[in-house]
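Colleague: Could you take one part of this predicted model and go through it closely, setting it afterwards against the rest of the chain? I would like the reasoning spelled out wherever a cut-off decides the wording.

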Amino acid sequence: MVNDKEKELEKELDKEMKKEVETFEENIIEEEKKECGCKGHDEEKGSCCCEKEEKNTEEEIGKLKAEVEDWKQAYLRKQADFQNFTKRKEKEMEELRKFASEKIVTKLLDGVDNLERAISASEATKDFDGLVKGVDMILGQLKGIMETEGVEPIKVEGKYNPLYHHAVMVEDNPEFEDDTIILELQKGYTMKGKVIRPAMVKVSKRG
């Protein structure tokens, strides 16, 4: 793909270079006509008697070609540098996406360790009340981690809101108005204001 682009670019540059050279030659010849009035300028190239001026013209054309070639090579180098920069940034972004959750997972590992220790201790001592207390402490630890990451539970009191709630059950209950949340079936959460999981709820609907 890059080689094709380079070939197309070289073709365009060659066209521009030829056009510049031709324009330059025409301008030089016109100037020579005005200065010396030599009829040879109207004939084939080389028939002009002004050999010194013709030599200078060829030297100027050579310089112009060299300048255009230098410009073309510089442009190709810049293009290659930019492509390498783009590939490097794409690789860095891919690595960032791959390990974006590393920070939060590392924090959760402490909770997993504590839970495993609590289970092991309760199996050895048969103290299941202690296990419940340990699990409750670990749950508080996990919730604290979630709060530091901007995760908050969605409130389910009052009216049903499809932006935050997912109605999975409907109940005809005269004690509630239409579209009132009767029961929370699963907690929902937002992260820094964005809904990452809507709350699953039961909603009232009067027949």
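Modeller: Lys126 counts as exposed, because its relative accessibility of 59% lies above the 50% limit for that term. The residue sits in the loop that joins H3 to H4, and although Lys126 is not a glycine, its phi is positive, at about 60 degrees.

On either side of this loop are the two helices, H3 covering residues 102-125 and H4 covering residues 128-148, whose axes come within 9 Å and cross at roughly 175 degrees. Since angles over 145 degrees count as roughly antiparallel, H3 is described as roughly antiparallel to H4. Distance and angle are given together here because two packed helices are described by the angle between their axes and the distance between the axes.

The contacts between the two helices can be listed by residue. From H3 the participants are Ile104, Lys107, Leu108, Asp110, Gly111, Asn114, Leu115, Ala118, Ile119 and Ser122, and they meet Leu131, Val135, Ile138, Gln141, Leu142, Ile145 and Thr148 of H4.

A positive phi of about 60 degrees is also found at Asp179, again a residue that is not a glycine. Asp179 belongs to the loop between S2 and S3, and with a relative accessibility of 27% it counts as partly exposed, because that value falls between the limits of 20% and 50%.

The strands on either side of that second loop, S2 (165-171) and S3 (181-186), each supply at least two residues of a nonpolar patch. This surface patch is formed by Val168, Met169, Leu183 and Leu185, which together have about 300 Å² of accessible area. Met169, placed in strand S2, is partly exposed, with a relative accessible area of 39%.

As for the rest of the chain, the protein has four helices and six strands, and from the N terminus on the order is α-α-α-α-β-β-β-β-β-β. Of its 207 residues, 20% are buried, while the accessible surface comes to about 16100 Å², with 54% of that area belonging to carbon and sulfur atoms. Among the contacts with a separation of 6 or more, 59% are between residues 24 or more positions apart.

Note on methods
Residues numbered from 1 in each chain as written. Predicted model: local features only at pLDDT ≥ 70, side-chain atom pairs only at ≥ 80, totals over all residues. Heavy atoms only, no water. Buried < 20%, exposed > 50% of the residue type's maximum accessible area, 1.4 Å probe, protein only. Contact = heavy atoms within 4.5 Å. Areas by Shrake-Rupley, 256 points an atom, 1.4 Å probe, with all protein chains shown as cover. Patch = residues over 30% accessible without salt bridge, like charges linked within 9 Å, V, L, I, M, F, W, Y side chains within 5 Å. Salt bridge = Lys/Arg side-chain N within 4 Å of Asp/Glu carboxyl O. Axes fitted to C-alpha atoms, helices over the stretch in contact; angles between N-to-C directions. Parallel < 35°, antiparallel > 145°, perpendicular 65-115°, else oblique.
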